[in-house]
Amino acid sequence: MQQSPETCLPAVDLVIAVHSAQRPLARAAQSAAAAGLALNEDGGLRINVVCHNIDPEELKVQLSEPLRTQIRYIECQDGIPSPAGPFNAGVSAATASYVSIMGSDDMLEPGALREWLSVAEQNGSAAVLAPRPSLQRGKGSNTARKGRAASST
């Protein structure tokens, strides 16, 4: 059963760092919601948007319902123009067994998170690395593909 982003116990916390209202946040968030894990359900996915030196309200207007209210917004006001701060803030706020980070201009293929979680659980992996399509197909895409390689610890 779907819960709020604050009360769910996700298997994966996805961190999306955003520093400008001009970034394609809606596309990134919609792709995450379609990446194969139930949103805000125990054992599923929680999307965390880290609002880096920007008011969360400026970003929320980009998202339609119900997705707008299904996201956890985390403020990061550090005044530093680097993605390290908001990514670290998102990772620090995560409570899931697995954490994934992506930029606001990236997107996931349908089912990618489900596949990555499956690879991690089947192999007892601490991390799963997905291939970069632009290197494989010669395209300049920022689409993260389904996981095919795992690193075990």
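The paragraphs below lead through a predicted model, beginning with its sheet and then turning to the loops, a contact at a ring and a pocket.

A good place to begin is the open sheet of 4 strands, in which the order runs β3-β2-β1-β4 and the pairing is parallel. In general, the strands of a sheet pair through backbone hydrogen bonds, and this pairing can be parallel or antiparallel. Strands β3 (72–76) and β4 (98–103) stand at the edges of this sheet, and because each has a single partner strand, one side of each is left without a neighbour in the sheet. From one strand to the next, the twist averages 25°.

Within this arrangement, the pairing of β2, which covers residues 45–52, with β3 can be followed in more detail, since the two strands run in the parallel sense and are joined over 5 bridges. Along this pair the reader can find C51, which stands opposite E75 in β3.

The loops that lead into these two strands each hold a residue with a backbone feature to look at. In the loop between α1 (25–33) and β2 lies N40, a residue that has a positive phi of about 60° although it is not a glycine. The loop between α2 (56–60) and β3 is the place of P66, and the peptide bond that joins E65 to P66 is cis, with an omega of about 5°.

Side chains offer another view of the model. The charged end of K60 sits over the ring of Y73, at 4.8 Å from the centre of that ring, whereas the count of aromatic pairs comes to 0.

The last stop is the second largest pocket, which has a volume of about 160 Å³. Its lining is made up of 13 residues, and those that lie nearest the centre of the pocket are A17, H19, P83, F87 and S104. Strand β1 (12–18) and helix α3 (84–93) each supply at least two residues of this lining, so that the reader meets β1 here again, having already placed it between β2 and β4 in the order of the sheet. By character, the residues of the lining divide into 6 nonpolar, 5 polar and 2 charged.

Note on methods: Residues are numbered from 1 along each chain as its sequence is written. This is a predicted model: local features need pLDDT of at least 70, side-chain atom pairs count only at pLDDT 80 or more; totals for chains, interfaces and linings use all residues. Side-chain values use heavy atoms; hydrogens and water are left out. On a 1 Å grid over the protein atoms alone, a cavity is a set of points where a 1.4 Å probe fits but cannot get out, and a pocket is an open set with protein on both sides within 12 Å along at least five of seven lines; lining residues have an atom within 4 Å of a point. Grid points are joined across faces, edges and corners, and a volume is the space filled by probe spheres set on the points. Ala, Val, Leu, Ile, Met, Phe, Trp, Tyr, Cys and Pro count as nonpolar, Asp, Glu, Lys and Arg as charged, and the others, Gly among them, as polar. Rings of Phe, Tyr and Trp (its six-membered ring) pair if their centres lie within 6.5 Å; planes under 30 degrees apart count as stacked, over 60 as edge-to-face and the rest as tilted. A charge sits over a ring if NZ of Lys or CZ of Arg is within 6 Å of the ring centre and within 35 degrees of the ring normal. Two strands pair if DSSP finds at least two bridges between them. Axes are lines fitted to C-alpha atoms, for helices over the stretch in contact, and angles run from 0 to 180 degrees between N-to-C directions.
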